[in-house]
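This report describes the strand and helix arrangement of the chain shown below. The sheet is treated before the helices.

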Amino acid sequence: MIVTKIERQKKDPDRYSLFIDGSFAVGVRSAVLLRAGLRKGDDVSQETLGLLRTEEELGGASAAALRYAGRRRRTEHEIRKKLTSLSFSPAAIEAAIAALRVAGLADDRAFVRAFIHDAQLHRPAGGRMISHRLRSRGIPPDLLREEVASALGPGEEALLAERCAGFYLGKLEHRASSGRVFRQGEREALLRRYLAGRGFCRSAVDAALKTALPSAERGG
């Protein structure tokens with residue numbers, strides 16, 4: 001098989017179209033072409049052509065992964081899903097993710113820690129809600145349990161629940177100042193439902209209610 005033409009692509013000047021025996025064979029980046037050392041008139045084997053295609057795909061997958069992970073933090077699952085949608089092979093995807101790990105751009109443990117920190121800083125939530133959100137991003141179950149337990153022990157979750165309770169009670173007070181009349185035990189029920197909806201465990205909710213509400217408003 002003979003290289004009959006090497007043509008720079010119009011839409012991407014860094015890529016070249018390689019023609020073998022008069023027909024288009026493969027598009028490659030300039031770096032791949034340079035490493036291969038191919039010129040017009042060279043004889044090319046099927047093995048060499050296959051290596052070119054493999055190297056081009058690996059480079060394309062790595063570039064796509066870097067663009068995607070460079071915009072904001074991503075989990076490995078999210079990166080893998082994105083590259084799969086772009087039709088890269090499993091081998092190219094795993095190689096690209098491995099390269100991101102080395103560069104520190106694919107780190108599920110760091111992702112979980114940053115996610116929990118940011119969530120609790122802006123809008124506190126309990127372990128159940130945090131776990132649900134992280135599971136949807138493909139965090140491995142063992143890693144998720146370990147990190148959530150470390151960051152959100154019973155004491156920490158109770159403190160966060162108290163913060164949420166204070167915020168929600170402020171909203172209830174605003175309603176009361178506008179003429180809303182709460183029945184006996186209603187504020188407790190509303191607050192309990194709100195905190196449970198934010199993913200806090202029963203003990204954290206009970207502790208928050210004990211601190212936030214006067215005993216006269218608490219049942220039991």
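## The sheet

In this predicted model, three strands form an open sheet in the order β1-β2-β3, and their pairing is antiparallel. The edge strands are β1, residues 3-8, and β3, residues 23-29, each of which pairs on one side only. From one strand to the next, the twist averages 25 degrees.

As general background, strands of a sheet pair through backbone hydrogen bonds, in either a parallel or an antiparallel sense.

## Pairing of β1 with β2

Five bridges join β1 and β2 in the antiparallel sense. Within this pair, Ile6 stands opposite Leu18 of β2. The two strands β1 and β2 also form a hairpin, with six residues between them.

## Pairing of β2 with β3

Strand β2 comprises residues 15-20 and pairs with β3 over six bridges, again in the antiparallel sense. Two positions illustrate the register: Arg15 has Arg29 in β3 as its bridge partner, and Tyr16 stands opposite Val28 in β3.

The hairpin formed by β2 and β3 has two residues between the strands. In its turn, Asp21 has a positive phi of about 50 degrees. Strand β2 is mostly covered, with five of its six residues buried.

## Packing of α2 on the sheet

Helix α2, residues 46-71, packs on the sheet and touches β2 and β3. The direction of α2 makes about 40 degrees with that of β3.

## Contact between α2 and α4

Helix α2 also meets helix α4, which spans residues 90-103; their axes come within 8 Å and cross at roughly 50 degrees. Because angles from 65 to 115 degrees count as roughly perpendicular and those under 35 as roughly parallel, this crossing makes α2 oblique to α4. The crossing of α2 and α4 is right-handed.

On the α2 side, the contact is made by Glu57, Leu58, Ala61, Ser62, Ala65, Leu66 and Ala69. On the α4 side, the residues are Ala91, Ala92, Ala95, Ala96 and Leu100. By character, the residues of the contact between α2 and α4 divide into 10 nonpolar, one polar and one charged.

## Ser87 in the loop before α4

Ser87 lies in the loop between α3, residues 76-85, and α4. The phi of Ser87 is near 70 degrees, a positive value in a residue other than glycine.

Is Ser87 buried or exposed? Its relative accessible area is 63%; since exposed means over 50%, Ser87 is classed as exposed.

Technical notes: Residues are numbered from 1 along each chain as its sequence is written. This is a predicted model: local features need pLDDT of at least 70, side-chain atom pairs count only at pLDDT 80 or more; totals for chains, interfaces and linings use all residues. Side-chain values use heavy atoms; hydrogens and water are left out. Two strands pair if DSSP finds at least two bridges between them. Helices (H or I, at least four residues) and strands (E, at least two) are DSSP runs, numbered from the N terminus. Axes are lines fitted to C-alpha atoms, for helices over the stretch in contact, and angles run from 0 to 180 degrees between N-to-C directions. Contact means heavy atoms within 4.5 Å. Angles under 35 degrees count as roughly parallel, over 145 as roughly antiparallel, 65 to 115 as roughly perpendicular and the rest as oblique. A crossing is left-handed if the near helix is turned anticlockwise from the far one by less than a right angle, and right-handed if clockwise. Ala, Val, Leu, Ile, Met, Phe, Trp, Tyr, Cys and Pro count as nonpolar, Asp, Glu, Lys and Arg as charged, and the others, Gly among them, as polar. Buried means under 20% relative accessible area, exposed over 50%, partly exposed in between (1.4 Å probe, protein chains only).
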